[in-house]
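Reader: Got a model to go through. Can you put it up?

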Amino acid sequence: MKNFFEKSDLLRKDAEDIISDTLNKCDDGELYLEDSKSETIVLDDNKIKNSSYSSDLGFGFRAITDEIVAYSHSNEISKNSLKYSSESLKSTLKSKKGTYNHSIPKTNKKYYENINPIEQKSLNEKIEILNKVNNYLRSKDSNVKQVTANFNGEQKSIEIIRSGGETLSDIRPLIRFNVSVMLDKNGRKETGVYGIGGRKSYDSYLKEDNWKKVCDEALRIASVNLESKPAPAGEMKVVLGPGWPAILIHEAVGHGLEGDFNRKKTSAFHNLMGQKVASDGVTIVDDGTIDNRRGSLTIDDEGTPTEKTVLIENGILKNFMQDRLNARLMKTRSTGSGRRENYRHIVLPRMRNTMMLNGNHTQEEMIKSVDKGIFAVSFGGGQVDITSGKFVFNCTEAYEIINGKIGSPIKGATLIGDGPSILKEVSMVGNDMMLDPGIGTCGKAGQGVPVGVAQPSILINKMTVGGTKL
Amino acid sequence: MMIKDKEYLSEKASYCLDLAKKLGATDSSVLVSNSISETVNFRNQKLDESNRSDNLAIGITTYIGKKKSSISSSNLIKENLDILIEKCIETTKNTPEDEFNSLPDKDLLAQEVKDLDLYDDTHLKNEDKIEYLKRLEISASSNKKIVNTESSFTEDKSNFILANSDGFCEGHEDSSFVASSVTVAKDEKSMERDYEYSSRCHLKDIKDAEVLGKLAAEQTIKKLSPKKISSEKIALIFDKRIAKGVLGAFASAIHSSVISRGTSFLKDKINQKIFSDEIDIFDKPDILRGLGSRTFDSEGVKTDTLKLVEKGVLKHYLVDSYNGKKLNLKSNGRCGGTSNLYFNKGKISFKDLLSLNSRCLYITETIGHGSNIVTGDYSVGATGFLIENGDFKYPINEITIAGNFKDMFKNITLANDLEFEYSTNSPTMMIEGMVVAGK
């Protein structure tokens, strides 16, 4: 475990005293210490464009009473700095009095190994793979005009010290490998992007030339897009492929089921608990406990063990995702969903791996049933306005469906829908559930955290496709 | 607020440059910065959160000949810097050469730092921020349809030093004050959210609390009970806060990094007409108190005003040292992008712009990341209002708008209502010929 107090004039005992003194009249709070190391190696335009390394160290001190959160963070782990933060918290909460809730569940489970992926593979080995990627793609297709490939590796060590001296800690590895390829054929340019990642070492992802599969997939998507026609505009049926298209679930319902928006009644879902919000057969969970997944966590950033939280069961809304603050104010328990990008940020209820579970239809059945619509296989990003419930996501690989058959590929278009009603429009749930390849980052209130998604193929009766062809 | 002074930052910078040289770097550059910010958040007229942040950061790039690597850290303790610089040199040695790697040309470096009045040393105590937010939220909540208000006031003070082994060592203090309000309104049929904010270098330039609250509330209430319209080709009018995004997409498509890689739809368009005759675009770094103002870019290269587009013709790319060398162009001080970017104002009033077509859509918000800089394709979700004969008829949502920037740029008409509210600014903008997808 990382010793945050080495090379500091602040002794652990002093820190514990300051923490207890600051928090004993508050409802909740903690000192969160974080040490992260990360690297980025980028090949672009036939060259190693960037090799950089970053180390970040700091603390975030939080005190909460009633609904009020006081937060202070600094890079200097020192007696003065912690005292200064303590004074800042006390001055915000001076007129308030709470009762500290000492109870926090414990776990012995771990969902990833205690490793530092950066140190497990030398720089030269990583550069060698990136060069192989570049050569492989450029020799495979003469239309390849640009290749960008990168490795990102990270190890984050955290420690949480609560009032009374209770401590919780976690060490989190994370890697990502990404390939982007641009084709130029007769003056028309299109790109394809694919990546993989998770809480593992590079080797366990890249053994047996796995990187070739990533390259092939990026190239395949770019090649499909070279042949794409303008997308249609208007309302129609949409078949979503399995896996990564589940960012639809993430945007359409995931954000709206986060505890803070529902406590504040600003989510379109806030008064729908126990009600039918999706078609029969639709079950959605948010699961932090899948081994080595990008969105998995042993404990969340408040120290609560993560879990598999059922959000929607057979169409009925069952649970919101909660951190400690929103759980206390809504008189329920934390679901281990309290997360922050790093020590500079306050904790918010966030998603982990959000998944729609299998039904019993086949993708073939779905496509056959559509007279006019689109089949969307891969997406860029998405966004939601949780108050109006409207959400969008951008197709990066899609095809038209005509009379039950897959037709031409269509250009990237935005799809827009209404979160609270879209799941009622799901008329078939597939039996081919897939996890995404481990590339998602979710943004909320300026904080990005790694997440995962999963789903089987689904058929949606009606969505608006934002193409240019009327 | 006690940000680190020039002496402290310069000393750290020269320590790093010296050590890098001692360990074998032929060149190096370093950026040391400190920022302290204090934020107070209100919700439904009560204190919700206070947040104090103290950020130290250092970034070092070392060169050995044409090899280059970089490190960054928030831990400025000497022992840590020693370890990191050593690691950086090791990595540099093991990174392949790139012929275009180098510090910027010496003769392009800024010789002096202009005083652009970017620092206001006023410190607003949290009690005073609370006072401002109280007034703001009373104003924002005065209509019964407003069911939730979340407002925030942030004060930020920062200081930095950028230094390199060619003797460049400059920096300056910056301040920023930001007040914002997000309101939620509700009626029987719908719940909607909108916002307003004010961001300035100087405290006294910040919008009045009551005005800001009132604007946020009015804009939100107007959106209630929206309708969805049918798919059609229709003229779109972009509110200023959306129009600046079109200008932002233009800026990302003319950056030398995408031009040199060949991944922009504006590649090879220099000296060609990409907008209509009436369009001029400026990037002006020396506006007093400007939100994007600066004397030099993130490499230390002097930044002068550029007329990027003149009478519709593209005149400059945004060039940094690395990509400039690749393209055989001199850096024009745009490493890190534009400064104060704006369209020159048009000839027609806002009111007349609304009446140019008997029917059009006024767009106030877009969602999604639907700008493709490689192809120029654009498709995003949108919210706005239907306008008939110059009058706002009713709110619209759950639609998408789509087109291609190459066509969109040629069909822009600008109003004469340019103001400098952000670092990128546009007057209200009309674009004809785009496709709306709805029912």
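Reader: Which residues in α1(A) meet which in α2(A)?
Author: Asp14(A), Ala15(A), Ile18(A) and Thr22(A) in α1(A) meet Lys79(A), Leu82(A), Lys83(A), Ser86(A), Leu89(A) and Lys90(A) in α2(A). Contact is C-beta atoms, placed from the backbone, within 7 Å. Helices are DSSP runs (H or I, at least four residues), strands likewise (E, at least two), numbered from the N terminus. This is a predicted model: local features need pLDDT of at least 70, side-chain atom pairs count only at pLDDT 80 or more, and totals for chains, interfaces and linings use all residues. Residues are numbered from 1 along each chain as its sequence is written, with chains lettered from A and ligands numbered from 1 in the order in which they are written.

Reader: What is the make-up of that contact?
Author: Four nonpolar, two polar and four charged residues. Ala, Val, Leu, Ile, Met, Phe, Trp, Tyr, Cys and Pro count as nonpolar, Asp, Glu, Lys and Arg as charged, the others, Gly among them, as polar.

Reader: And at what angle do α1 and α2 of chain A pack?
Author: About 5°, with the axes 10 Å apart. Axes are lines fitted to C-alpha atoms, for helices over the stretch in contact, and angles run from 0 to 180 degrees between N-to-C directions. The two helices, α1(A) and α2(A), are therefore roughly parallel (under 35 degrees).

Reader: New topic. Which domains are assigned in chain A?
Author: Domain 1 (123-156 + 172-226) and domain 2 (233-466). The bounds come from an automatic or database domain assignment.

Reader: How many residues of each domain are in contact?
Author: Eleven of domain 1 with twelve of domain 2, in chain A. On the domain 1 side, β6(A) gives the most, with four residues.

Notes. Contact = placed C-beta atoms within 7 Å. Parallel < 35°, antiparallel > 145°, perpendicular 65-115°, else oblique.
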